[in-house]
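The following exercises concern a single protein chain. Each task is followed by a solution that proceeds step by step.

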Amino acid sequence: MNYLTVENISKSYGERILFKDISFGINKDQKIAFVAKNGSGKTSILNIIAGLDVADSGQVISRKGIHIAYLSQKDDLNDSLTIEQAIFDSDNPTLKVIEQYEHALQNPENTDAYQKAFELMEVHNAWDFETQYNQILSKLKFPDLSQKISSLSGGQKKRLSLAIILINKPDLLILDEPTNHLDLEMIEWLEEYFKKEKITLFMVTHDRYFLERVCNEIIELDEGEIYKYKGNYSYYLDKKEERIAQEQTELGKAKNLFKKELDWMRRQPKARTTKSKSRIDDFKAIKEVASKRRNTHKVQLEINMERLGNKILELHKISKSFDDLVILDKLEYTFKRGERIGIIGKNGTGKSSFLNIITEKIPVDSGKIVLGETVKIGYYTQKGIQAKPGQKVIEVIKEFGEYIPLSKGHKISASQLLERFLFDKKQQYDFVEKLSGGEQKRLYLCAVLIQNPNFLILDEPTNDLDVVTLNVLEDFLLDFPGNLIVVSHDRYFMDKIVDSLFVFRGDGVVENFPGNYSDFRSYEDSTPIEQEIKVEKVAISHVKTPVKNKLSYNEKREFEKLDKDIANLNSKKTVIETQFANGEIEPNKINEVSQKLQKIISDLEEKEDRWLELSMLQED
């Protein structure tokens, strides 16, 4: 059943064409992700579908009687209401029944009102609805429904808007970056909710695990064309790669044909027969195809950062509280060269405050922070770029420098750096206020990196960035040789770039976990005995050989050799286990090979124990 059809819509602002003549449809039970580069008009398309904006041409046709709800980037809440009033401010008849029942519970002395409310709950079969209503509010962390909306933070308002939409159960739900302002626990709950609910979704999101696990179709706007993929994110990546390869093949053929026809045209045929005129017309079409270029600029950053010394950053028993809210309680940690640490935890546990503390934006209550003399911090905050009125894109970057040094003695100008960050020459002289939210984040990232830091601190860098830019950012960070601390709710991003985690548990408790986010989730979901095994395995597979200060020379050499020995033994173990699983071992050799496997396992356990022992020694 078709819910909504988009027919040949176009939108431009002045000379800038966002999109032209695009069409697609949304059918019942589809869970569609809409993918496009920043600045392509994703949010504009959502606003047009939701009726908040009008296309320059074309039309949007929705099925009569369907209820469409839109979660935009901006909340549309009445600040004078309480949370409860905002939730019940709806035409949903079941919600009205629940509201009446909730009020009856608060006035138990009025037995007639309670009986009437109870009967209405029965008639409307509202008990399951109420259970889900309470679950949604609990998962999105709204325990006090009497709180005024005016007292909520921006993130809390976004979560409340999401809660209201989910509670009202629309036929078609349009979402613009639904995972922004949610902590990891909330994202995982929302992911499971969308997977099991029969709901029709059309959404823009940069969360690739969300795309992978929730969506059953992806619509991409690329170079002004719409492409549809019937599958999840992995399927989309495979098919897009095939499509681009096919386009390149066709482009190559067109170029060869163009050269051949160009040679014919240059001979200036005198006889203008019908056949030759047709060939001239064909030549024009071939020329158009052969001249096409895909706008696939890649950010290729080879920044030659200043070398880090032995002392990076030391935290000596630092504590911090805001009234009764304890953020840190005598936290002790010494950062080593090249560490890549992700920070996770529920909203309100102090993740962003921690970044402001270590960058000395806010003071500690007690303890000491020692920063190495060679450390140059680049700090990307959630506030984003603070451009002056009328400031142009290139002027923002030039405030921090005209160029930055690259490897091998090269350097790159501010303009060239912007081009590498997908800002073409024309866009560099646009006013900053004309940029989309994602483009402004990309510009801000560029402004941080042009300062050539050797210690990057990133607070939610993935918000509002498109998937293309995220892949570019990840590639850069994987090559970045300095230290990295990142706060992000993007699980895919964290899995790819960090080696260990600071887990903020609340009440000042910060745990150091040696692995990425998926390792941590696997650890959290396992039994205590499994946890002990997993944390040792994760430590061995993720922790790089650190700078060693407290081992003897021979112990240092042994420690380095153990890494190679463990990897070698694991490889041998895998080969033999595979042979057993596939039945590749001759019957008369099973006993011999089994003994060999047991010896490998025994040696592996011994070396892993020794590795952990030496690791602990150097940390003492």
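Accessible areas here come from the Shrake-Rupley method with a 1.4 Å probe. The model is predicted.

**Exercise 1. Determine how much surface the chain exposes and what share of it carbon and sulfur atoms supply.**

Solution. Step one is the total: the chain exposes about 32400 Å². Step two is its composition, of which carbon and sulfur atoms supply 48%. Step three turns to the residues: 47% of the 620 residues count as buried.

**Exercise 2. Describe the secondary structure of the chain and the sequence separation of its contacts.**

Solution. The chain comprises 21 helices and 20 strands. Among contacts with a separation of 6 or more, 67% are between residues 24 or more positions apart.

**Exercise 3. Establish the surroundings of strand E17, residues 455–459.**

Solution. Begin with burial: 5 of the 5 residues of E17 are buried. Next, assign the residues to faces. Phe455, Ile457 and Asp459 lie on one side, Leu456 and Leu458 on the other, and both faces are covered.

Then identify the partners. Strand E14 (residues 377–380) pairs with E17 in the parallel sense over 4 bridges, and Gly378 stands opposite Leu456. Strand E18 (residues 483–487) also runs parallel to E17, joined to it by 5 bridges; here Asp459 stands opposite Val487. Finally, trace the connection: from E17 the chain passes through helix H16 (residues 467–479) to E18, in a right-handed β-α-β crossover.

**Exercise 4. Locate the largest nonpolar core and name the residues with the most contacts inside it.**

Solution. The largest nonpolar core contains 73 residues, and Leu315, Phe335, Phe354 and Leu443 have the most contacts inside it. Helix H15 (residues 437–449) contributes the largest share of this core, with 7 residues.

Phe354 can then be examined individually. Leaving aside residues up to four places away in sequence, Phe354 touches Leu315, Leu328, Leu331, Ile343, Phe502 and Phe504. A second core, separate from the first, has 55 residues, including Phe88, Met121, Leu162 and Ile218.

**Exercise 5. State how many disulfides the structure holds, and decide whether Cys215 and Cys446 are buried or exposed.**

Solution. A disulfide is a covalent bond between the sulfur atoms of two cysteines. The structure holds 0 disulfides. For the second part, the cut-off for burial is under 20% relative accessible area. Cys215 has 6% relative accessibility and therefore counts as buried. Cys446, with a relative accessible area of 0%, is likewise buried.

Note on methods: Residues numbered from 1 in each chain as written. Predicted model: local features only at pLDDT ≥ 70, side-chain atom pairs only at ≥ 80, totals over all residues. Heavy atoms only, no water. Helix = DSSP H or I, 4+ residues; strand = E, 2+ residues; numbered from the N terminus. Buried < 20%, exposed > 50% of the residue type's maximum accessible area, 1.4 Å probe, protein only. Contact = heavy atoms within 4.5 Å. Pairing = 2+ DSSP bridges. Right-handed = clockwise from strand over helix to strand, strands pointing away. Core = buried A, V, L, I, M, F, W, Y, C linked by side-chain atoms within 4.5 Å. Disulfide = S-S within 2.5 Å.
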